[in-house]
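Reader: Got the structure up. Can you walk me through the sheet first, then the cysteines?

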Amino acid sequence: MTSMTILGIESSCDDTAAAVLHGWAGAADVLSSVVMGQTALHADFGGVVPEIAARAHAEKLDLCVNQALKDAGIGLDAIDAVAVTAGPGLIGGVVSGVMCAKGIALARGLPLYGINHLAGHALTPRLTDGVTFPYLMLLVSGGHCQFLIVSGPDKFKRLGGTIDDAPGEAFDKVARLIALPQPGGPSIEMRAKAGDAKRFKLPRPMLDRAGCDMSFSGLKTAVLRQRDKLLTDAAMASQDQADLAAGFQAAVVDVLAEKTRRALTEYAPLTNVRSICVAGGVAANMAIRDALKHVAQEFDAAFIAPPLALCTDNAAMIAYAALEQMGTREPDGMGLSARPRWPLDQTAPAMLGSGKKGAKA
């Protein structure tokens with residue numbers, strides 16, 4: 001395959017990102033990766049506000065693309081194709097990215113590839129570590145959590161996932177409950193270091209059920225009840241806050257580790273899986289990484305976790321997914337539409353129900 005230089009654009013949530021990759025599937029170099037966050041814009045609201053996020057993307061996308069090209073030391077004339085997140089995500093942000101990518105592709109006469117944001121995460125281990133197909137992927141991010149057998153650039157079999165709140169959502173909500181700043185994942189991880197994870201008896205939901213499905217809503221409610229018992233007229237005591245953070249994080253770690261163990265037990269012998277990979281924003285949590293690493297060792301499987309910068313939302317993974325999929329499909333062109341919902345495994349039943357826009361996950 002001829003080497004290609006790809007411009008990637010990502011704007012599915014609250015990070016505006018652009019990147020330039022050069023190479024081909026299985027052997028690509030990240031020439032630049034720029035991420036412009038919006039944490040300060042949403043700080044006063046306790047979470048991401050879709051309208052604010054969409055406006056910020058519209059304001060920053062051209063700046064982000066220019067910076068990515070500058071960092072890569074090239075101009076648009078050196079770009080061979082444009083890749084953009086076309087879903088799933090907050091529709092305002094996705095539309096902003098798709099329109100920006102269409103404008104660049106149309107102006108320069110370049111092929112345009114719309115990429116599933118989740119496929120970007122799922123294929124990241126191929127970019128960072130050259131992992132061979134098939135492999136087991138735990139995709140664990142702000143809005144999604146699922147186990148996948150990844151057997152090709154566009155071949156994903158879902159083994160199970162969350163039936164309610166994804167871990168990233170639960171981290172954010174629990175952080176708000178115990179008065180920690182957003183985003184909740186890093187705040188809880190930091191605060192948990194000073195806490196006693198065994199002080200509170202928090203549940204490990206769905207460990208009494210077979211399979212790889214998970215639930216974190218009940219765990220969040222259990223934290224709420226413990227918090228209410230602790231509250232007085234004053235603010236929550238510092239040690240109470242740390243202990244709740246540690247207990248919650250430990251519960252999430254235990255669930256993810258046990259469900260990963262089940263996924264490997266049930267599916268690895270059937271699919272010739274030799275690697276367990278993890279990606280997505282929550283995969284930046286070191287306690288989760290350490291637990292999954294130990295599970296992989298139990299099964300004599302390789303454990304692959306991309307660098308932290310490529311676990312959270314970024315455009316390098318979007319550009320790389322396009323490189324992978326170029327060999328399996330045609331470009332999308334100007335008919336590309338933004339999609340708020342876009343399950344990776346189109347054959348699996350919807351886990352969170354469906355609406356007029358299709359299956360949620």
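**Sheet, helices and cysteines**

Author: One pair to begin with: G8 has A19 in β2 as its bridge partner. Keep in mind that this is a predicted model.

Reader: How many bridges join β1 to β2, and which way do they run?

Author: Seven bridges. β1 covers residues 4–10, β2 covers residues 15–24, and the two run antiparallel.

Reader: What's the strand order in the open sheet?

Author: β3-β2-β1-β4-β5. That makes five strands, with mixed pairing. The edges are β3 (27–37) and β5 (112–116), each paired on one side only.

Reader: What's the average turn between neighbouring strands?

Author: 20°, with direction ignored.

Reader: Helices next. Where does α2 lie?

Author: Helix α2, residues 50–72, lies across β1, β2 and β3. Its angle to β2 is about 35°.

Reader: And which strands does α3 touch?

Author: β1, β4 (81–87) and β5. Helix α3 spans residues 91–108 and packs on the sheet. Its direction makes about 160° with that of β4.

Reader: Switching topic. How many disulfides?

Author: Zero. Take C64: the nearest cysteine sulfur belongs to C100 and is 9.2 Å away. A disulfide needs the two sulfurs within 2.5 Å, so C64 is in none.

Reader: Is C64 buried or exposed?

Author: Buried, because its relative accessibility is 0%.

Reader: What about C212, how far is the nearest cysteine sulfur?

Author: 11 Å, and that sulfur is from C145. C212 is in no disulfide either.

Reader: Buried or exposed, that C212?

Author: Buried. Its relative accessible area is 2%, and the cut-off for buried is under 20%.

Notes. Residues numbered from 1 in each chain as written. Predicted model: local features only at pLDDT ≥ 70, side-chain atom pairs only at ≥ 80, totals over all residues. Heavy atoms only, no water. Pairing = 2+ DSSP bridges. Helix = DSSP H or I, 4+ residues; strand = E, 2+ residues; numbered from the N terminus. Axes fitted to C-alpha atoms, helices over the stretch in contact; angles between N-to-C directions. Contact = heavy atoms within 4.5 Å. Buried < 20%, exposed > 50% of the residue type's maximum accessible area, 1.4 Å probe, protein only.
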